[in-house]
Amino acid sequence: MMMTMEGVAVKLPSYSFPIIRSPARCVTRNFRPFSISASTLKEGHPAAPSVPPASLSLGHLTRPDFPILHQEVNGSRLVYLDNAATSQKPTAVIGALQNYYESYNSNVHRGIHYLSARATEEYELARKKVSNFINASDSREIVFTRNATEAINLVAYTWGLQNIKPDDEILLTVAEHHSAIVPWQLVAQKTGAVLKFVELNGDEVPDVDNLKDMLSRKTKLVVVHHVSNVLGSVLPIKDIVLCAHDVGAKVLVDACQSVPHMVVDVQDLNADFLVASSHKMCGPTGVGFLYGKSDLLSAMPPFLGGGEMISDVFLDHSTYAEPPSRFEAGTPAIGEAIGLGAAIDYLSGLGMQKIHDYEVS
């Protein structure tokens, strides 16, 4: 998150990112430089402000929450600017992981003893927190995965291979992350589908007007980012979804860079699938999630076979559990999911609208 980017005696130049508000126009927001000097810090605490909290920015106020920033590198206090790759973790998240391993480490959904019951309760509570955070209609629409990459692959190898046929079209933009392109290349190779790419416009952001023009009854899936960590563009997902649904296409949204920075409401966006990674939203690595509309998830075959994803097992066949268990084979990343829940508590406590307002002001 941008709030962890602030440090001592650091001043960044002003720069602008194009933000797409509608297909018809592109506006530019100026991002203010921010800095904090050594004189604003109390002696004895590497990040505590010595000026009234009301005069400090959200970044200044939250810096003490991140232990990794309380150190010096090459003689200067650490300033971390690589949040697009992975965010740092607040004390609350680190504590949640430690508490799980120290207090109730156990497998989930497989025991009736105290530790297993508590681990299962906390794991499923984390799912509910994710569901509430993005306003899903039901927590069963949330599937825990290793990361957003696995979530996209899950959709590709279940819904994709089941529904995409020869000569069908998959529409993407040239600005998509590799993890949102390569799985669909593989699906196209297996099914005979055609990949089509939306180019950038004169503002060097995806041309949404062109995307709309490229939609047709052959289009079965549209794969788009919500926010680009390279271009800084914010695509009008709700508008794209409306146009895609008009031709019968589904929409998968890569929300890795939007979920940590703004209010994301999947019911309002009406996207069919949405993916995000914990490690970019102040949570642990090794866990992410897939949101999928319940009717779509229920119709999708399993992604991996093994424990937990089955209902009954016979020697010659098996029946499968309902989502989300159907897509969570084997022992999951329990502590990491609980840590993601703690990260959501932390972000929600700050307020996502407040975070967004701070970043664009």
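Is Arg127 buried or exposed? In this predicted model, Arg127 has a relative accessible area of 2% and is therefore buried. The side chain of Arg127 nevertheless takes part in a salt bridge with that of Glu124, with an N to O distance of 2.8 Å. Glu124, in contrast to its buried partner, is partly exposed, at 24% relative accessibility. Both residues belong to helix H3, which spans residues 114-134; because they are three residues apart in this helix, about one helical turn separates them.

The structure holds 10 salt bridges in total. A further example pairs Glu150 with Arg146, whose closest N and O atoms lie 2.9 Å apart. Here the acidic residue is the buried member, Glu150 having a relative accessible area of 17%. The value for Glu150 falls under the 20% limit that defines the buried class. Arg146, at 53% relative accessibility, counts as exposed, since the exposed class begins over 50%.

A salt bridge between helices is formed by the side chains of Lys212 and Asp239, with an N to O distance of 2.9 Å. Lys212 is located in helix H6 (residues 208-214) and Asp239 in helix H7 (residues 237-246), so this pair ties together parts of the chain that are 27 residues apart in sequence. Both partners are partly exposed: the relative accessibility is 27% for Lys212 and 23% for Asp239. Elsewhere, salt bridges with shared partners join Glu124, Arg127 and Glu328 into one network. The pair in helix H3 described above thus belongs to a network that also includes Glu328.

The nonpolar interior was examined next. In soluble globular proteins, nonpolar side chains tend to be buried together. The largest nonpolar core of the model comprises 65 residues, and within this core Leu274 and Phe289 touch the most other members. The greatest contribution to this core comes from helix H10 (residues 334-350), which supplies 10 residues. When residues up to four places away in sequence are not counted, Leu274 touches Val253, Ala255, Val259, Val264, Val266, Leu269, Phe289, Leu290 and Tyr291. Phe289 is thus both a contact of Leu274 and, together with Leu274, one of the two residues that touch the most other core members. Another core, of 28 residues, lies apart from the largest one; among its members are Ala156, Ile164, Trp184 and Phe327.

Definitions and conventions
Residues numbered from 1 in each chain as written. Predicted model: local features only at pLDDT ≥ 70, side-chain atom pairs only at ≥ 80, totals over all residues. Heavy atoms only, no water. Core = buried A, V, L, I, M, F, W, Y, C linked by side-chain atoms within 4.5 Å. Buried < 20%, exposed > 50% of the residue type's maximum accessible area, 1.4 Å probe, protein only. Helix = DSSP H or I, 4+ residues; strand = E, 2+ residues; numbered from the N terminus. Contact = heavy atoms within 4.5 Å. Salt bridge = Lys/Arg side-chain N within 4 Å of Asp/Glu carboxyl O.
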